[in-house]
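Biologist: Walk me through this one, please, and leave the reasoning in.

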Amino acid sequence: MGLNAANSPEILRPVNPWFMALSLFVAMLLRFIPVDRDWLMPDFLALVLVFWNIRQPRRIGIGAAWCFGAIMDVHSSSVFGEHALAYTLLSYFAITIHRRVMWFSPLMQAAHILPLLLAAQAVTVVIRVLFGANFPGMWIFAESFLTAALWPLTQFVLIAPQKLPMNRDEDRPI
């Protein structure tokens, strides 16, 4: 088993709230990229929401997830509340398992968040089907697998600013 958050020798700096907001905003902008429906596009916003819900559950919570979901509903012209419900449930369950997930390596963390991403995507598919859309097929769930596969990279990128030392001093052991 590799190093993970529980037994890592590093002490992380506190998270800058502006960095959290910026990362969520950038993830939302990446979600706004128009792509053909035949292309698989990871849900960057869901990924960053899950990350911050696991790392900082008291700062980014269910309310923020609902707001971002409502923005996505307006952007995608879907049934209002579709993404809001999916992101809210995703955040709730991410907060529920956040202590457990932190004990594992990034690959095992990805395995833990994959069912959450699949469930959130299933919620959106069920709502679309209930409102008259055709079932797109099982291939649509490949998006959740792609999103979960990006977890280790996302974790590396979003934790990097916390690893920077406040003052460079060669004499300090930490």
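Modeller: Sure, but one definition before we start: the expected span of a helix is 1.5 Å times one less than its number of residues. Also keep in mind that this is a predicted model.

Biologist: Then let's use that definition. How far does helix 2 reach from its first C-alpha to its last?

Modeller: Helix 2 has twelve residues, and at 1.5 Å a residue the expected reach is 16 Å. The model comes close to that, with a first-to-last C-alpha distance of 16 Å.

Biologist: How many residues of helix 2 are buried?

Modeller: Buried means under 20% relative accessible area. The residues of helix 2 that meet this include Leu 45, Val 48, Asn 53 and Arg 55. Helix 2 is largely enclosed by the rest of the structure, because the buried count is eleven of the twelve.

Biologist: Zooming out, what order do the elements of the protein chain run in, from the N terminus on?

Modeller: The protein chain has eight helices and zero strands. Read from the N terminus, that gives α-α-α-α-α-α-α-α.

Biologist: What share of the contacts with a separation of 6 or more comes from residues 24 or more positions apart?

Modeller: For background, the chain has 174 residues, of which 40% count as buried. Among contacts with a separation of 6 or more, the part from residues 24 or more positions apart is 71%.

Biologist: Now the aromatics. Is the pair Phe 19 and Trp 52 stacked or edge-to-face?

Modeller: By the ring-centre rule there are five aromatic pairs. In this one the centres are 6.2 Å apart and the planes sit at 85°, and over 60 degrees counts as edge-to-face. The pair links distant parts of the chain, with Phe 19 in helix 1 and Trp 52 in helix 2, 33 residues apart. So the rings of Phe 19 and Trp 52 are edge-to-face.

Biologist: Which residues do ring pairs link into a cluster?

Modeller: Trp 52 is buried at 0% relative accessible area, and it also forms an edge-to-face pair with Phe 51, at 4.8 Å centre to centre and 75° between the planes. Phe 51 is likewise buried at 0%, while Phe 19 is partly exposed at 23%. The cluster made by ring pairs is Phe 19, Phe 51, Trp 52 and Trp 151.

Biologist: On to charges. Which residues are linked in a network of salt bridges?

Modeller: Arg 31 bridges to Asp 43, with the closest N and O atoms 3.2 Å apart. Arg 31 lies in helix 1 and Asp 43 in the loop between helix 1 and helix 2, so this pair ties together parts twelve residues apart in sequence. Arg 31 also meets Glu 143 at 4.0 Å, N to O, and because Glu 143 lies in helix 7, that pair ties together parts 112 residues apart. The network is therefore Arg 31, Asp 43 and Glu 143.

Biologist: And which residue forms a salt bridge with Arg 128?

Modeller: The structure holds three salt bridges. In the one with Arg 128 the closest N and O atoms are 2.7 Å apart, and it links helix 6 to helix 4 across 46 residues. Arg 128 is partly exposed at 34%, whereas its partner is buried at 1%. That partner is Glu 82.

Biologist: How far apart are the C-alpha atoms of Gln 162 and Pro 14?

Modeller: Gln 162 is in helix 8 and counts as buried, at 9% relative accessibility. Leaving out residues up to four places away in sequence, Gln 162 touches Leu 12, Arg 13, Pro 14, Val 15 and Trp 52. Gln 162 and Pro 14 are 148 residues apart along the chain, yet their C-alpha separation is 6.5 Å.

Biologist: Last one, the surface. How much accessible area does the nonpolar patch have together?

Modeller: The protein chain exposes about 10500 Å², with carbon and sulfur atoms supplying 68% of it. One of the patch members is Leu 30, which sits in helix 1 and counts as partly exposed at 32% relative accessibility. Leu 22, Phe 25, Val 26, Leu 29, Ile 33, Val 35 and Trp 39 are in the patch too. Together with Leu 30 they come to about 740 Å².

Methods: Residues are numbered from 1 along each chain as its sequence is written. This is a predicted model: local features need pLDDT of at least 70, side-chain atom pairs count only at pLDDT 80 or more; totals for chains, interfaces and linings use all residues. Side-chain values use heavy atoms; hydrogens and water are left out. Patches are made of residues with over 30% relative accessible area and no salt bridge: like charges are joined within 9 Å, nonpolar side chains (Val, Leu, Ile, Met, Phe, Trp, Tyr) within 5 Å. Accessible areas come from the Shrake-Rupley method with a 1.4 Å probe; for residues, only the protein chains shown count as cover. A salt bridge is a side-chain nitrogen of Lys or Arg within 4 Å of a carboxyl oxygen of Asp or Glu. Helices (H or I, at least four residues) and strands (E, at least two) are DSSP runs, numbered from the N terminus. Buried means under 20% relative accessible area, exposed over 50%, partly exposed in between (1.4 Å probe, protein chains only). Contact means heavy atoms within 4.5 Å. Rings of Phe, Tyr and Trp (its six-membered ring) pair if their centres lie within 6.5 Å; planes under 30 degrees apart count as stacked, over 60 as edge-to-face and the rest as tilted.
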